[in-house]
Amino acid sequence: MKISGFARRRIHGLLRIAATSAVCLRHCRWTDEPLASTLPRVAVAAPSSLPSRPADWRRVLKIIRELREPRDAPVDSMGTACLADRTQSDDVWAYTTLVAAILSSRTRDQATAEAMAALKRHGLTPRNIHENTDVDKLDGLISKVNFHGRKANYIKETTRLLVEKYGGATPKSAKLLMDLPGVGPKVANIVVTALTGQAEGIAVDTHVHRLANQLGWANSTTAEKTRRALEEWLPRREWAALNPMLVGLGQQLQSQKSLLLQRCVNAGSPVDALRLVARLGLPLTHRDSETGETVLFWAAATGRWISVRWLLQSAEAEGFAVASAGIKDRRGRTAASVAVHGIARRALEEAERQSATGSDSSRKAATDSSRME
């Protein structure tokens, strides 16, 4: 069969496209972001200068998101967005958001909330602060926050600029916000995200800085360097949620240890969750101050053998010390007495006996018990 010149050229063109695509697949990587077009050029070479993403970041973020899903950390009720006055006009709401963010810098959320309550009772509007409130008065109203004297000057001068330059409105651009006294990248990014729902950058405070470095998501000595490191590889769609998520986790690691450990043993992947919080500094030896219970109690009560097995058998081998199985709660019970799963109960009973004799055989006890069924 004779092939026309047009058909021959068409076939040759298709073969060239196929060959080009094969080369791209061998030597290029496909971007993680949605494709802008279906042309072969969307496959771009991966230069060595591109920042590498931590291999397990999606899995870790999924665990953190699950642990934070109830939104019951202090930041969830007393964070910047929660303290802004939504009952006022848009300009006043935006202004109170900015003031709350300035006050929150290196200050506990409770102290920030108290200072904001005092300012609102006084009248927290651009005009009232600019025209009727001197720095000394401001200083007294916000005395609960750290660096209150410095922040009083920042708020007074910032308010003057907002009134004179923007007519009392608050800019919704991080670049413009950072021209104001007391506003750095963290405060600017918090305010922009709160006002627009879109993140221009990642807000990095002490919690985010510490956790990001512990997770291996950054390797830096300052919050600003951590921000730049995160923004190099973390997809933009994750930026807005990262600050409240990590801030809340950091707060709970410090002040809500029992709650967080109980949440771990009930998580979808309890061992991964326990391993993560232990890696972030939450001791698995923690004992609740009210009930006297430990993580072994909470793991045993779930009826999930996998958590108890890891705590008895593998945690210490991975470098995480675990509370003794012989510890009794305020009611005189041991973890074995609350165990739902038969294998877990027997393993805990054996670990309890070993604990009583002072022998470090808990891991062997867990292994032997796992072979019973």
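This report describes selected local features of the structure above, which is a predicted model.

**Two arginines in loops**

Two arginine residues have a positive backbone phi angle although neither is a glycine. Arg71 has a phi of about 55°, and Arg71 is found in the loop that joins α2 (57–67) to α3 (74–78). Arg106 has a phi near 55°, and its place is the loop between α5 (90–104) and α6 (109–122). The table sets out the two residues side by side.

| Residue | Phi | Loop | Relative accessible area |
|---|---|---|---|
| Arg71 | about 55° | between α2 (57–67) and α3 (74–78) | 60% |
| Arg106 | near 55° | between α5 (90–104) and α6 (109–122) | 61% |

Why does Arg71 count as exposed? Its relative accessible area is 60%, and exposed means over 50%. Arg106 likewise counts as exposed, because its relative accessibility is 61%.

**A buried asparagine**

Asn128 belongs to helix α7 (residues 126–132). Is Asn128 buried or exposed? With a relative accessibility of 17%, Asn128 counts as buried, because the cut-off for a buried residue is under 20%. A polar atom of the Asn128 side chain lies 3.3 Å from the backbone oxygen of His122. When residues up to four places away in sequence are left out, Asn128 touches His122, Gly123 and Thr133. His122 therefore appears both in this list of contacts and as the residue whose backbone oxygen lies 3.3 Å from the Asn128 side chain, where contact means heavy atoms within 4.5 Å.

**The surroundings of helix α15**

Which residues of helix α15 (residues 257–265) are buried? They are Ser258, Leu260, Leu261, Arg263, Cys264 and Val265. An α-helix has 3.6 residues a turn, so residues three or four places apart point the same way. The buried residues of α15 are covered by elements that include α2, α14 (239–255), α16 (270–279), α17 (295–301) and α18 (305–314).

**The largest pocket**

The largest pocket has a volume of about 1,300 Å³. Its lining consists of 48 residues, and those nearest its centre are Ser104, Ser105, Lys186, Ile190 and Asp205. Two or more lining residues come from each of α3, α4 (80–83), α5, α6, α9 (148–166), α11 (185–196), α12 (206–214) and α14. Which element gives the largest share of the lining? That element is α14, with 8 residues. By residue type, the lining of the largest pocket divides into 22 nonpolar, 18 polar and 8 charged residues. Helix α14 thus has a part in two of the settings described here: α14 helps to cover the buried residues of α15, and α14 contributes to the lining of the largest pocket.

Conventions: Residues are numbered from 1 along each chain as its sequence is written. This is a predicted model: local features need pLDDT of at least 70, side-chain atom pairs count only at pLDDT 80 or more; totals for chains, interfaces and linings use all residues. Side-chain values use heavy atoms; hydrogens and water are left out. Helices (H or I, at least four residues) and strands (E, at least two) are DSSP runs, numbered from the N terminus. Buried means under 20% relative accessible area, exposed over 50%, partly exposed in between (1.4 Å probe, protein chains only). A polar contact is a pair of N or O atoms within 3.5 Å; within protein, one must be able to donate a hydrogen and the other to accept it, and residues adjacent in sequence count only if both atoms are side-chain atoms. On a 1 Å grid over the protein atoms alone, a cavity is a set of points where a 1.4 Å probe fits but cannot get out, and a pocket is an open set with protein on both sides within 12 Å along at least five of seven lines; lining residues have an atom within 4 Å of a point. Grid points are joined across faces, edges and corners, and a volume is the space filled by probe spheres set on the points. Ala, Val, Leu, Ile, Met, Phe, Trp, Tyr, Cys and Pro count as nonpolar, Asp, Glu, Lys and Arg as charged, and the others, Gly among them, as polar.
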